[in-house]
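User: Please take a close look at a single part of this model and place it within the whole. Please state the cut-offs behind each term as it arises.

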Amino acid sequence: MQNIDDNFLLETTFAQELYREHAHHALVIDYHSHISPQDVAQNRTFDTITSLWMDNNPYLWRAMRANGVEEKYCTGTDIDQWQRFEQWALTMPFLMRSPLYLWSHLALKAVFGINEPLNAHSARRIFDACNAQLQGGGLSAQSLLRRFNIACVCTIDDPIDSLEHHQKLKSDGIDLKMLPTWRPDKAMNIEKREFRAYVRQLGDVTNTDISTFNGLVDALQKRHDYFAQNGCCMADHQLEEFYDEEYTDSQIEIVYEKAMRGQDLSRGEVRQYKHCFLKLTAEMNHAANWTQQYHYGILLDNNSLLYEALGQDVGADSIGEPYTAHAMSHFLNDLHTRGKLARTILTCLNPADNDMLCSMMGNFQEAGIPGKLQFGMGWWSNALPGYVGEQIDALSRFGLLGRSIGVSTGSRSLLSLVRHEYFRRLLCNLLGNDVAKGLLPADMQAIGKLVEDVCYNNAHRFFGL
């Protein structure tokens, strides 16, 4: 890999100027982030690059596990910081062509000014150089947000969270905006073993009788209102898939009561409950004038417990694609026809769904709300440079690139915020190549406006920030 310079990923002079004049300095709204609100509110400082980069970073952990690294170096808490970093450095050469390879080196350049590949030979030198800068005190959590030009970061928060750290940041008068995002997944995942304990905790927090499903909905509404009072304007859901199983209110009460008694549920009952849950929370989001995000297509390993209990295999036939588009269409159409469809971001894990999602959005747009339904880009496997280009191409084919709200990072490490720069460079490069091919006019003013809109302006208007 050549040293990262100002023209990294920018193949034409037009792309280079486009990035430098219109993308580089644009503010950032990171509307989906897992960074710690406590770290931001308390302006955490970091003793080592290991704690900053690796303490809560499953992207890195997955890569290290694939390289045969012992688990203690991934998630262990009593491991020497240098040894842990060394294992990551030893993994790096095997990540060539991975987005992690590019993100990592771009982050080292952007934050620490380090311009050489991370590997076994450079690891100690890079470790010491980064630590020296961190211990200098100028790279605290809030300082890093400013360095990445973050105007607003939206964290992922459970409904039972007190939001005390959001409140602290605001009361301290800090010139950074950090907003909570309501993620009620634990109350939706009725098949999980921890469901009953979580629901009881929700009941305690809200002082609500949760013995019935209606009681659960009341408790969720109270927390939805509480989040709104604390600046929340977004809900986020992580799904395996969408659901459209028909149900009645009485059926849902029975399913809920069975779950609260610890009884096994059929797959159909689970899907009925999740369909009902998503519909009711979508109605809450619309009533509060929130945006809702749906990240779907991810199958976590512990989900296999459900299918083992049901005596079913876990595979393509168990959790498959055939009904994904139909279920999503039915779900959105029901809300749309009843006038209860909030602004919505649809984000998929599988690149094969790009065209379907971009086409689907066109079915439910609304006059007066440009880009009411948005295509979420750059999540997990879709972050490869080629896949980012494919996502931009899909949106260009079926929608309006100029109305896109760009990417969020899903960051867990503050260093991962560099993904905004990564996306912006790829966007400018794609547009610059189109100009070079004669597919777009060499109009820096017009294309520059599009880039500024996608990088910041559209999200600013979309979220009403």
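Analyst: Lys and Arg count as positive and Asp and Glu as negative, with His and the chain ends not counted; each charge is placed at NZ of Lys, CZ of Arg, CG of Asp or CD of Glu. On that basis the protein carries 57 negative and 42 positive side chains, and the centres of the two sets are 3 Å apart. The model is predicted, so local features need pLDDT of at least 70 and side-chain atom pairs pLDDT 80 or more, whereas totals for chains, interfaces and linings use all residues. Residues are numbered from 1 along each chain as its sequence is written, and side-chain values use heavy atoms, without hydrogens or water.

The part chosen is helix 4, which spans residues 58-66. Its buried residues (under 20% relative accessible area, 1.4 Å probe, protein chains only) are Pro58, Tyr59, Leu60, Trp61, Ala63 and Met64. Their cover, counted by contacts (heavy atoms within 4.5 Å), includes helix 3 (49-54), helix 5 (72-75), helix 6 (81-91) and helix 7 (99-112), as well as helix 20 (419-436). Just after helix 4, glycine 68 adopts a positive phi of about 85°.

As for the whole, the protein comprises 21 helices and 7 strands, taken as DSSP runs (H or I, at least four residues; E, at least two) numbered from the N terminus. Of its 465 residues, 55% are buried. Among contacts between residues at least 6 apart in sequence, 78% join residues at least 24 apart. The C-alpha atoms fill a box of roughly 65 × 55 × 50 Å along the principal axes.

Technical notes
Buried means under 20% relative accessible area, exposed over 50%, partly exposed in between (1.4 Å probe, protein chains only).
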